[in-house]
Amino acid sequence: MLDLLAFLAAIGVVTSAILAVALRNVTAAAVCAGVCGLAASIMYLLLAAPDAAMAEAAIGAGLTTVVLLYAIHKTGAGRT
């Protein structure tokens, strides 16, 4: 069961990373990058690294996504 969860999380990382690069909408790409960080934190948790999982969830998925979305909002880059 743990192997299946790890496989699904790995698929989530790869899929969201590809979408973050391929999407033309910068807001959607920023959200996909956040989802990639969240899936990576799940991978770390499944690999018994809770400290790395918490850091990735807080900084990689949370703070970075919020800062990117704020920058997109302030610059008006998402309005195309």
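This is a short tour of the structure above, stop by stop, with a selection to make at each one.

**The whole chain**

Keep in mind that you are looking at a predicted model. Show everything as a cartoon to begin: the protein has 3 helices and 0 strands, and the order from the N terminus is α-α-α. Turn the C-alpha trace along its principal axes and you will find that it spans about 45 × 25 × 10 Å. Now switch on a surface. About 5400 Å² of the protein is exposed, and carbon and sulfur atoms supply 75% of that area. Of the 80 residues, 20% count as buried. If you like contact maps, take those contacts whose residues are at least 6 apart in sequence: 53% of them join residues at least 24 apart.

**Helix 1 against helix 2**

Next, select residues 2-22, which form helix 1, together with residues 26-46, which form helix 2. Two packed helices can be described by the angle between their axes and by the distance between those axes. Here the angle is about 160° and the axes lie 8 Å apart. Helix 1 is therefore roughly antiparallel to helix 2, since an angle over 145 degrees counts that way. The crossing of this pair is left-handed.

Show side chains where the two helices meet. From helix 1, the residues in contact include L2, L5, A9, G12, V13 and L19. On the helix 2 side, look for A29, A33, A39, I42, M43 and L46, among others. Colour the residues of this contact by type and you get 19 nonpolar, 2 polar and no charged.

**S16, inside that contact**

Stay here and select S16 of helix 1. Is S16 buried or exposed? S16 counts as buried because its relative accessibility is 5%, and the cut-off for buried is under 20%. Leaving out residues up to four places away in sequence, S16 touches C32, V35 and C36. These three partners also appear on the helix 2 side of the contact with helix 1.

**A48, in the loop**

Move along the chain to A48, in the loop between helix 2 and helix 3. Check the backbone torsions: phi is positive, at about 65°, although A48 is not a glycine. With 66% relative accessibility, A48 counts as exposed.

**T65, on helix 3**

Now go to helix 3, residues 50-75, and pick T65, which lies in this helix. T65 counts as buried, at 13% relative accessibility. Which residues is T65 in contact with, leaving aside its neighbours within four places in sequence? They are A30, G34 and G60. To see how T65 links to helix 2, note that this helix covers residues 26-46, and display A30 and G34 beside T65.

**A77, after helix 3**

The last stop is A77, in the segment that follows helix 3. A77 is partly exposed, its relative accessible area being 37%. Apart from neighbours within four places in sequence, A77 is in contact with V26 and I72. To finish, draw a distance from the C-alpha of A77 to that of I42: the two are 30 Å apart in space and 35 residues apart in sequence. You have already met I42 as one of the helix 2 residues that meet helix 1.

Definitions and conventions:
Residues numbered from 1 in each chain as written. Predicted model: local features only at pLDDT ≥ 70, side-chain atom pairs only at ≥ 80, totals over all residues. Heavy atoms only, no water. Helix = DSSP H or I, 4+ residues; strand = E, 2+ residues; numbered from the N terminus. Buried < 20%, exposed > 50% of the residue type's maximum accessible area, 1.4 Å probe, protein only. Contact = heavy atoms within 4.5 Å. Areas by Shrake-Rupley, 256 points an atom, 1.4 Å probe, with all protein chains shown as cover. Axes fitted to C-alpha atoms, helices over the stretch in contact; angles between N-to-C directions. Parallel < 35°, antiparallel > 145°, perpendicular 65-115°, else oblique. Left-handed = near helix turned anticlockwise from the far one by under 90°. Nonpolar A, V, L, I, M, F, W, Y, C, P; charged D, E, K, R; others polar.
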